[in-house]
Amino acid sequence: MEHAESLLDYACREIRSRIQNGTYPPGSKLSTQEISDSLGISRTPVVSAINRLVAQGLAIALPRRGVIVADFSPQQLKEIIEVREMFELYAVKGAIQNIDFSQEILEEMEQVAAKLAHIDSQNYNLATELEIRFHTLFVTLAGNSQLTKLYVNNWNIGAMFQIFMLSKMPLSKHQPSFDQHLETIQLLKNKDEAALLEFIPYHLTPVYSAIDWIMRNGNMDMQDLFKIMAAKAEETKKTKA
């Protein structure tokens with residue numbers, strides 16, 4: 001971190017991580033002095049980092065109140081996931097075309113999927129990081145840098161909900177969803193475009209179900225939701241069989 005830009009990147013990464021893992025919850029004020037003290041750097045890169053997060057939508061600048069962590073309605077979260085789905089579906093054709101020339105990306109995807117398959121049942125932050133990394137690599141395969149950039153910015157916000165959703169149940173309950181990453185890799189290797197276009201919405205079904213549940217019931221305990229989701233998954237499995 002010898003240059004101001006690298007300090008800015010460091011500050012931005014750390015503040016974003018604290019927002020996403022709940023250290024700075026929605027509605028809380030981002031104190032420049034507190035953050036600079038905790039990171040051991042000057043206030044200048046911290047101010048720039050906070051401004052960047054405001055531009056990305058993770059924080060909101062309010063007159064006379066300073067900058068606070070953004071809060072999102074269930075409808076906004078649903079829109080974020082819809083945009084994520086749109087990006088991933090668009091990336092399918094390019095990812096298949098480029099897979100033979102991007103073995104290093106495919107290998108990293110396999111490594112991430114393997115880690116998700118054996119993740120500790122309480123490590124929600126790591127699970128979210130791996131989930132984001134896997135899908136970002138998938139979109140990166142499409143070979144469109146602007147698409148990847150927009151996708152990452154969308155995930156900056158979606159990660160907060162991802163952690164919330166994961167934390168409501170032991171990660172073991174999410175294992176079927178984690179295992180689907182291996183299926184994604186196999187479909188890529190098979191270059192099965194039609195199957196991938198069908199599989200991506202299926203993989204996102206639990207996320208949409210969680211958001212719909214919150215829209216109907218508010219931010220309540222989601223134990224019943226996951227029971228319903230498990231029953232639906234079992235029903236779908238029987239139907240496919």
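This section describes the packing of two helices and a set of salt bridges in a predicted model.

Two packed helices are described by the angle between their axes and the distance between the axes. For helix 5 (residues 103-117) and helix 6 (residues 124-140), the axes come within 9 Å and cross at roughly 155°. Because angles over 145 degrees count as roughly antiparallel, helix 5 is roughly antiparallel to helix 6. The crossing of the two helices is left-handed. On the side of helix 5, the contact is made by Ile105, Glu108, Met109, Val112, Ala113, Lys115 and Leu116. Helix 6 contributes Ala127, Leu130, Glu131, Arg133, Phe134, Leu137, Phe138 and Thr140. By residue class, the contact of helix 5 with helix 6 comprises 10 nonpolar residues, one polar residue and four charged residues.

Seven salt bridges are found in a search of the whole structure. One of the pairs joins Arg52 to Asp9, with 3.2 Å between the closest N and O atoms. This pair links distant parts of the chain, since Arg52 belongs to helix 3 (residues 43-56) and Asp9 to helix 1 (residues 4-20), 43 residues apart. Both partners are partly exposed: the relative accessible area of Arg52 is 27%, and that of Asp9 is 33%.

A salt bridge is also formed by Lys191 and Asp100, whose closest N and O atoms are 2.5 Å apart. Lys191 is located in the loop between helix 8 (175-190) and helix 9 (193-217), and Asp100 in the loop between helix 4 and helix 5, so the salt bridge ties together parts that are 91 residues apart in sequence. Lys191 has a relative accessible area of 39% and is partly exposed. Asp100 is likewise partly exposed, at 45%.

Within helix 4 (residues 74-98), Arg84 and Glu88 are four residues apart, about one turn of the helix. These two residues form a salt bridge in which the closest N and O atoms lie 2.8 Å from each other. Arg84 and Glu88 are both buried. The pair also takes part in a network of salt bridges that links Arg84, Glu88 and Glu131. Glu131 is, in addition, among the residues of helix 6 that make the contact with helix 5. The network of Arg84, Glu88 and Glu131 thereby includes a residue of the helix 5 and helix 6 contact.

Technical notes
Residues are numbered from 1 along each chain as its sequence is written. This is a predicted model: local features need pLDDT of at least 70, side-chain atom pairs count only at pLDDT 80 or more; totals for chains, interfaces and linings use all residues. Side-chain values use heavy atoms; hydrogens and water are left out. Axes are lines fitted to C-alpha atoms, for helices over the stretch in contact, and angles run from 0 to 180 degrees between N-to-C directions. Angles under 35 degrees count as roughly parallel, over 145 as roughly antiparallel, 65 to 115 as roughly perpendicular and the rest as oblique. A crossing is left-handed if the near helix is turned anticlockwise from the far one by less than a right angle, and right-handed if clockwise. Contact means heavy atoms within 4.5 Å. Ala, Val, Leu, Ile, Met, Phe, Trp, Tyr, Cys and Pro count as nonpolar, Asp, Glu, Lys and Arg as charged, and the others, Gly among them, as polar. A salt bridge is a side-chain nitrogen of Lys or Arg within 4 Å of a carboxyl oxygen of Asp or Glu. Buried means under 20% relative accessible area, exposed over 50%, partly exposed in between (1.4 Å probe, protein chains only).
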